[in-house]
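Please look over the sequence and the model below. The report that follows covers core packing, one helix pair and one lysine.

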Amino acid sequence: MAKKKTEKKLRIIPLGGIGEIGKNMTAFEYGNDMIVVDCGLAFPREDMLGIDYVIPDASYLEENREKLRAFIITHGHEDHIGAVPYIVPEFDVPVYGTRLTLALIQNKFEEHKIEGVRLLQVDPGEKVKAGVFSVEFIQVCHSIDDAVSLAIETPVGMVIHTGDFKIDYTPTDGKKANLNRFAELGAQGVLALLSDSTNAERTGVSLSEKEVSDSFEGYFSKARGRIIITTFASNIHRLQQVVDKAKLYNRKICIIGRSMVKIVELASELGYLKMPPNMIVDITEISKLKDNKVVILTTGSQGEGMSGLSRIAMGEMQGIEIKPGDIVIVSASTIPGNEVNVNNILNLLFKKGATVIHERMAKVHVTGHACQDELKLMLAIVKPKYFIPVHGEYRHLFRHAMLAEDLGVSTKNIFIPELGNVVEFSKAEARMEEKVSAGATLIDGLGIGDVGAAVIKERKQLSQDGLVVALAKITYQRSKRTKVECDIISRGFVYVKDSEDLYMRSEELVKKAVEECLADGVSEQAAMKSRIKKTLQTYFYSTTKRNPMIIPIIIEN
């Protein structure tokens with residue numbers, strides 16, 4: 001009897017960007033072929049002490065490296081390309097993206113001294129073939145140029161991945177979302193839609209970038225002093241608006257911040273940013289110009305400690321001192337987790353006499369993500385059989401799922417996966433399957449994944465209760481009794497001069513613990529260290545209610 005052939009199925013596997021903001025990455029797998037959409041990072045939470053970035057766990061890709069055919073990137077924001085230099089070079093496959101997106105990725109490779117990765121440019125409207133998958137790039141609006149959605153043709157049906165998007169009918173660059181193409185695909189039949197959920201809780205529609213242009217017009221026309229603007233360096237549309245207003249009101253522009261300088265140079269070179277070279281002035285030239293002839297464009301919209309705006313606010317930027325008459329415009333939204341840093345900088349600016357404008361006061365920033373009415377429109381024209389909300393915390397995904405249900409998608413056809421959940425599709429049905437390896441890899445300096453939960457726990461303990469080193473010196477003497485001496489050294493635990501009794505008692509306890517071990521015939525250092533640690537832990541907690549990290553060191557002579 002002939003064996004029944006096992007039906008191949010499409011497997012969609014979120015490896016990042018589900019139940020969280022950032023580190024977006026999704027695998028599409030069918031038989032022996034796999035493609036990966038996006039490869040982003042997230043910024044560390046406050047409890048991830050010392051961590052620089054968080055990237056997706058790529059172990060599932062490593063386990064299936066022979067299947068991987070390509071990385072497909074939707075746009076150039078950090079939460080979609082930030083992990084590329086850490087993950088992509090491990091696989092001998094091409095990276096597909098639009099012109100600006102690939103230029104930003106190439107810039108990262110140069111910073112990391114990475115060579116040999118194939119970067120293949122695709123324009124909106126074009127298709128690429130990767131194994132059994134055919135991927136079409138569809139133009140959309142977002143807060144960065146060259147953003148695209150993806151129409152992924154698979155053996156079991158069409159899947160649309162929106163990437164990050166909004167529907168802006170009056171974009172400043174004139175590049176509107178190609179809604180006609182989405183409607184055409186919807187009429188032909190779409191198996192599944194994966195859609196951006198970032199603003200699923202916000203009613204109505206997102207404001208147009210033109211609203212920011214109108215606000216800038218008002219501030220530039222009335223300002224009598226310097227204008228200092230901070231925004232995301234990658235928001236080239238916003239940078240162009242600053243340039244246009246500065247040109248209109250005959251102001252020179254000083255650019256501050258490494259990432260801002262690099263983006264301006266790159267975008268100008270590629271033709272995305274149109275700025276006359278004679279508009280730019282060095283920071284040393286600002287003092288030679290009248291205040292009403294200066295615009296300062298800087299990094300620091302998130303209150304980063306070493307950013308341009310932070311250094312200006314703290315008086316650490318040579319050549320720029322905040323003074324009454326300065327207008328500071330924060331043209332960006334605050335990323336969750338950065339609120340304290342941003343508020344601290346705003347308070348400093350206010351104290352120094354600046355007029356500070358931010359998005360809660362005026363229309364100086366608009367979101368790059370679709371709100372509820374735009375999400376509904378996407379659902380209505382695509383008309384997917386199955387729906388998977390992506391890019392957001394669980395509350396965003398849940399609210400987006402409710403919108404889909406309101407628009408007629410059957411509840412049983414809506415999936416809210418967790419990281420690593422496999423959503424499996426055949427031509428007849430879909431279901432949530434087993435989990436694969438997924439999670440987070442922590443980047444600390446040059447270390448990739450070498451800092452885990454245990455190290456973070458130790459760092460938390462150090463930050464909360466400090467460190468105590470118990471140094472025990474054992475001198476073995478032939479004709480005399482073994483001599484035990486002890487010294488206690490601490491950092492961040494208690495103030496030494498006010499705690500002499502505590503330290504003297506600690507030394508006595510360590511000495512006693514070592515002597516008891518020797519008397520009991522216990523000479524292994526591991527056992528003695530364990531006894532010292534336990535003794536001090538009990539004593540310190542009973543006297544201070546603190547649990548410092550204790551490091552016993554034994555020296556034997």
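## Nonpolar cores

The largest nonpolar core of this predicted model holds 68 residues. Cys-39, Leu-61, Phe-71, Ile-87 and Ile-253 touch the most other members. A second core of 60 residues is separate from it. Val-148, Ala-177, Leu-403 and Val-423 are among its members.

Phe-71 shows the packing in detail. Beyond its neighbours within four places in sequence, Phe-71 contacts Val-36, Cys-39 and Leu-61. Its other contacts of this kind are Ile-87, Val-88, Phe-91, Val-93, Pro-94, Val-95 and Tyr-96.

## Helix 6 against helix 7

Helix 6 spans residues 209-222, and helix 7 spans residues 236-248. Their axes come within 10 Å and cross at roughly 30°. That angle is under 35 degrees, so the two helices count as roughly parallel to each other. The crossing is right-handed.

From helix 6, the contact uses Glu-209, Val-212, Ser-213, Phe-216, Glu-217 and Phe-220. Helix 7 meets them with His-237, Arg-238, Gln-241, Val-242, Lys-245, Ala-246 and Leu-248. By type, the contact residues divide into six nonpolar, three polar and four charged.

## Lys-245

Is Lys-245 of helix 7 buried or exposed? Its relative accessible area is 12%. Buried means under 20%, so Lys-245 is buried.

Setting aside residues up to four places away in sequence, Lys-245 touches Ser-213, Phe-216, Glu-217 and Phe-220. These four belong to the helix 6 side of the contact. Ile-388 lies 143 residues from Lys-245 along the chain, and their C-alpha atoms are separated by 41 Å.

Key:
Residues numbered from 1 in each chain as written. Predicted model: local features only at pLDDT ≥ 70, side-chain atom pairs only at ≥ 80, totals over all residues. Heavy atoms only, no water. Core = buried A, V, L, I, M, F, W, Y, C linked by side-chain atoms within 4.5 Å. Buried < 20%, exposed > 50% of the residue type's maximum accessible area, 1.4 Å probe, protein only. Contact = heavy atoms within 4.5 Å. Axes fitted to C-alpha atoms, helices over the stretch in contact; angles between N-to-C directions. Parallel < 35°, antiparallel > 145°, perpendicular 65-115°, else oblique. Left-handed = near helix turned anticlockwise from the far one by under 90°. Nonpolar A, V, L, I, M, F, W, Y, C, P; charged D, E, K, R; others polar.
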